[in-house]
Amino acid sequence: MAGIEALLSAYTNPYYGMGSVGSTSSSGLDIASLQKNAQQQAAELLSTYNSNRESVKTLKADTAKYLDDYILSMKTLDQSAEKLRLGNLDKLLYNSDGEVTEDTIADTVKAMQSMVDNYNSTVKLLNDNAERGPGTMKQLARMVADPAPAASMKMVGVTVNKDGTLALDAEKMTEALSTSDANQLALYKDIIGGFGGIADGAHKNASFAANAPARELIQNDLATIQQTQSENPFREMYESFKGNVYAMNNQAVAGMLMNLLV
């Protein structure tokens, strides 16, 4: 900024480019008035330039934060889903003696609730940022679809809300996992953590999200940043030099400004 301010100072200096000092030129031009106008224009353009630069910084920081939140959300969802997938579900549901107990059922339901909460927070993050880019919208569309067949999920107390989030009926899942029928228990386990089950669906959504190109996720943000950066207020200054006698005396300064800022 020091370089820009110095150039602007030179641009508005009454001694710059003039053979003599005075309020009126030999052609009758009011030099003092022209100088005042040039100073005001330079100050306004500098203010606009600073505002533009701060806007770009804010946009970049906001976009970067979203990407960080996106990555963390998908990672957290995947970790909670993995605790319920395949063999990991058995580690929760059976104790060291290979028995299903009230405590192991409670741990399983708790793990499911954690995954449901992470799933829902991820859906909210995507919904709140859907306009950032088509990649975000595509991922949201995946998430609001059922992670497993609705009829099967309902059997273990999991339903899908109208907004695509999940709801867990802890009592119903506890009741289902408390069955003494081995075949029924095997079915419920498959619905929760088997291939194509609830946890597997959440895992696949998170994995798909992790491989999404960042540029697609924030495509609209990038376009906005680029547009804001291209709105260089000093182009207006350059155009105003044409036909302006006072400014014509400062073309060297104008050229330096354009080289520095364009």
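Is Asp69 buried, partly exposed or exposed, and what is its relative accessible area? Asp69 is partly exposed, at 27%, where buried denotes under 20% relative accessible area, exposed over 50%, and partly exposed the range in between (1.4 Å probe, protein chains only).

The views below show a predicted model, in which local features need pLDDT of at least 70, side-chain atom pairs count only at pLDDT 80 or more, and totals for chains, interfaces and linings use all residues. Residues are numbered from 1 along each chain as its sequence is written, and side-chain values use heavy atoms, with hydrogens and water left out.

**View A. Lys65 and Asp69 form a salt bridge in helix H2.** A salt bridge is a side-chain nitrogen of Lys or Arg within 4 Å of a carboxyl oxygen of Asp or Glu; by this rule the count comes to 8. The closest N and O atoms of Lys65 and Asp69 are 2.8 Å apart. The two residues are 4 apart in H2, which means that about one helical turn separates them. Helices (H or I, at least four residues) and strands (E, at least two) are DSSP runs, numbered from the N terminus.

**View B. Arg132 forms a salt bridge with Asp62 and another with Asp221.** The N to O distance is 2.8 Å for the pair Arg132 and Asp62. Arg132 lies in the loop between helix H4 (102-128) and helix H5 (134-143), and Asp62 in helix H2 (residues 31-82), so this salt bridge ties together parts that are 70 residues apart in sequence. Arg132 is buried, at 11% relative accessibility, whereas Asp62 is partly exposed, at 38%. For Arg132 and Asp221, the N to O distance is 2.4 Å. That pair links distant parts of the chain, 89 residues apart, with Asp221 in helix H11 (residues 219-230). Asp221 is buried, at 14% relative accessibility.

**View C. A network of salt bridges links four residues.** Its members are Glu82, Arg85, Asp200 and Lys204.

**View D. Helix H7 (residues 170-177) has buried residues on one side and exposed residues on the other.** Met173, Ala176 and Leu177 are buried. They cover an arc of only 90° around the axis (taken from the directions from the helix axis to the C-beta atoms), which places them on the same side of H7. Glu171 and Glu175 are exposed on the other side. Among the elements covering the buried residues are helix H3 (87-93), strand E1 (158-160) and helix H8 (182-193). At the start of H7, a side-chain oxygen of Asp169 reaches to within 3.2 Å of the backbone nitrogen of Glu171.

Methods: Contact means heavy atoms within 4.5 Å. A polar contact is a pair of N or O atoms within 3.5 Å; within protein, one must be able to donate a hydrogen and the other to accept it, and residues adjacent in sequence count only if both atoms are side-chain atoms.
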